[in-house]
Amino acid sequence: MQKDEIKARVKKVIAQVLGIDESEINDEANFIFDLGADSRQSLELVAAFEEEFDIEMDEDKALEVQTVSDAVDFIAQILV
Amino acid sequence: MNYRNLTPDEVDFLERNRCSADDWADVMVHPEIDLSRIQGVRFEGKVAIGKLSGTLTADDGRILSSGIINSALQNCTVGDQCYISDAGIIRNYNIGDRVVIENVNALATRGESYFGNGIEIEVLNEGGGRGLVLFDRLSAQLAYLLVLYRHDNDLIDALKSMINEYVENQKNSKGTIGDDVRIFRCNQIFDVKVGSHAKLTGVLSLENGTINSNEQAPAEIGAGVIVRDFIILSGSQVKDGALLTGCFVGQGVRIGRQFSAENSAFFANCEGFHSEAVSVFAGPYSVTHHRSTLLIAGMFSFYNAGSGTNQSNHMYKLGPLHQGILERGAKTGSFSYMLWPSRVGPFSAVIGKHYVNFDASDMPFSYIEEVEGKSLLTPGMNLFTVGTRRDSAKWVKRDRRTDPDKLDLIHFELFSPFVMQRVLAGQKILKELYEHAGRQQEFVKYKGLFIKRLLLKRTIKYYQMAMKIFLGEQLLKRLQALGNVENSEQLRKALKPENEVSLEEWIDLFGMFIPKSELTKLLEKTKNGSLNTIESFYRALRGVFEKYDDLAWSWTAALLKEELNIDVEKIGGEQLKQIIDEWKENKQRFNNLIMSDAQKEYDVNSRIGYGIDGDETVRDLDFERVRGNYETNGFVRELKRENAEIEKLADEWNKKLDKVF
């Protein structure tokens, strides 16, 4: 899967989980500081990415992901 | 003690020292008494006075010469080396040795009294039906049975019969002030038994109660306190304007700062400050510290109340009969509200206001949040929070009970068979919910709560992590007890459980973990009269308490069979290493997640308001000076150290097992 497609789907998931508009999500946005994700929503994002891309993510490593572009890279690595 | 009557010359001497008596023949004294130490004393009824010699120290450091000054004594015995001054009236008391009583308006036993023993208080259900009989040997375990096992009439009758026998023995028309008691500046104390070494200072009113106290664990009752119908146990403090009516205060409890409570019981190491409690059944380590908190008609254990915590049962129609259950380790956030009846599972956190009746008992370590008016359950989320880790570590360290005779039996383990059975149940329920949920669903409903469908699968993993950690912990505890391992046969023999291997139900008996079968055996013995005194019941209970490690291992063996199809008596080296490796991996991951939670306290959001008049550099410097930094934080360092130890221990055992198998 191309990174652009991953990015588009990542943003779609973020918008759904955090209840925000996709246009508000830029690549370097930090999930907590910029997008306002709380602890539960952070877990929800991990679960949503898993479902969207049909992958398994390590909890502790996944929670180290801070920004949208980090998430795209992280998922891209798993999908390789 | 061989007291003697006064001689006519001695009576004359006392009268010249402003003393008087109804009948001097009723006044007996120690053979070596120094009568110059008795001045301005009125004697009524039969009074006996010990040897008045030596000095004592007042609470403000003054040196007091033993003696009785400006006081009235009616039907009292006074021990040796006491100092009694300005006591308006002391009536019907046996006073021990080295007691100081100064500036007390009235200290009296008014006819026959049980001194608070035998009082029944309505805990948990305000409207009654779960009456708890108070007495000064009441333990958390016995109280739990009395309050919650109402379905078993025979048991309740047997327990009450034992208690009644004990209570009857406490009846006396004379109260007791034990040795070395200090009573300063108190208003009125009626029908109160005071144990040795207790200190009562500035009390407004104590009525109908017992204060257990001893040299190792003195009790302290402080200024402005008003307490009626009570039992206070050793090592406890009730101070600073506390108002208690119909209350039990267990060992090592702290009550103060105008806390008020009625019909409530607080077991070992509870703390009640500022707030209010009504019909509260508080197991060990339950704490409420904030003025705006009302705890009502609930059972709590290892509980922490956030400010403004409140519960109510205003939906009732036939009376306030509802009840709330918060299991071990539950906590409530600031201004949380719950509608009773509801039940919160072990080690769960309740945040926000919940207007539904819910039951989350099979979902331990959960967050129960209010999100857009819904009560949202996130199972397992509280497993890897700083709070859970800190709480479980602090309880052991904060056991304030210094009395060698500890009444409440307490197990501190975070992961126990009791909690793990809930983890198993939670896992099973979550799997079922996941299998039946459609992808279009945002939520699934569960016993009054909503769970985000997306989180079902992930939260099952949290419970699986906990299970693997538990299995490894139990195995390593067993292996560590072995020390050196010679061969595989010796190892398998050591792993053989002493008790029946069964995944049976475990109960948290208000602090003590116990398999249901063991409790049933004990209760049968109680009902058939084999255990027929409080002390024999306690001895039997302690016997089971001390077998915890063995009983937990038997349960673990059953779990290994069930979950991994491993028979511990035939276990192989690779299987053992697998359990240890999975323990290592999950325990370290678990710690990493807790560290990740801790790291949030150092992020930019946590720095809001720091460096108040400066730029970002000033903000960061101010923050670091005040809060330190993540890397040097003691809690974080402890977790890192633990991770290193986990690595070392796992390696050590893997090497040992390689040699043996």
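In this predicted model, three strands of chain B form an open sheet in the order β29-β32-β35, with parallel pairing. At its edges lie β29 (310-312) and β35 (353-354) of chain B, each of which pairs on one side only. A closer look at one of these pairings shows strand β32 (residues 337-339) of chain B joined to β35(B) by two bridges in the parallel sense. Here B:Y337 has B:K353 of β35(B) as its bridge partner. As a general reminder, the strands of a sheet pair through backbone hydrogen bonds, either parallel or antiparallel.

Parallel pairing also surrounds another strand of the chain, β21 (residues 260-266) of chain B. Strand β19 (residues 243-249) of chain B runs parallel to β21(B), and six bridges join the two; along this pairing, B:C247 stands opposite B:S264 in β21(B). Strand β23 (residues 276-278) of chain B pairs with β21(B) over three bridges, again in the parallel sense, and B:A261 stands opposite B:A277 of β23(B). A further parallel partner of β21(B) is strand β24 (residues 281-282) of chain B, with two bridges, where B:F266 is matched with B:A282 of β24(B). Five of the seven residues of β21(B) are buried, so this strand is largely enclosed by the rest of the structure.

A helix gives a comparable example of burial. Helix α2 (residues 140-148) of chain B has eight of its nine residues buried, and it is therefore largely enclosed by the rest of the structure. The buried residues of α2(B) are B:A140, B:Q141, B:L142, B:A143, B:Y144, B:L145, B:L146 and B:V147.

These elements belong to a chain with 13 helices and 41 strands. Of the 661 residues of chain B, 47% count as buried. The C-alpha trace of chain B spans about 100 × 70 × 55 Å along its principal axes. Among the contacts in chain B with a separation of 6 or more, 46% are between residues 24 or more positions apart.

Chain B also meets chain A: 14 residues of chain B are in contact with eleven residues of chain A. On the side of chain B that touches chain A, the elements giving two or more residues are α6 (453-482) and α11 (573-599) of chain B. By class, that side of chain B has six nonpolar, four polar and four charged residues.

Definitions and conventions
Residues numbered from 1 in each chain as written. Chains lettered and ligands numbered in written order. Predicted model: local features only at pLDDT ≥ 70, side-chain atom pairs only at ≥ 80, totals over all residues. Helix = DSSP H or I, 4+ residues; strand = E, 2+ residues; numbered from the N terminus. Buried ≥ 20, exposed ≤ 12 C-beta atoms within 10 Å, placed from the backbone. Contact = placed C-beta atoms within 7 Å. Pairing = 2+ DSSP bridges. Nonpolar A, V, L, I, M, F, W, Y, C, P; charged D, E, K, R; others polar.
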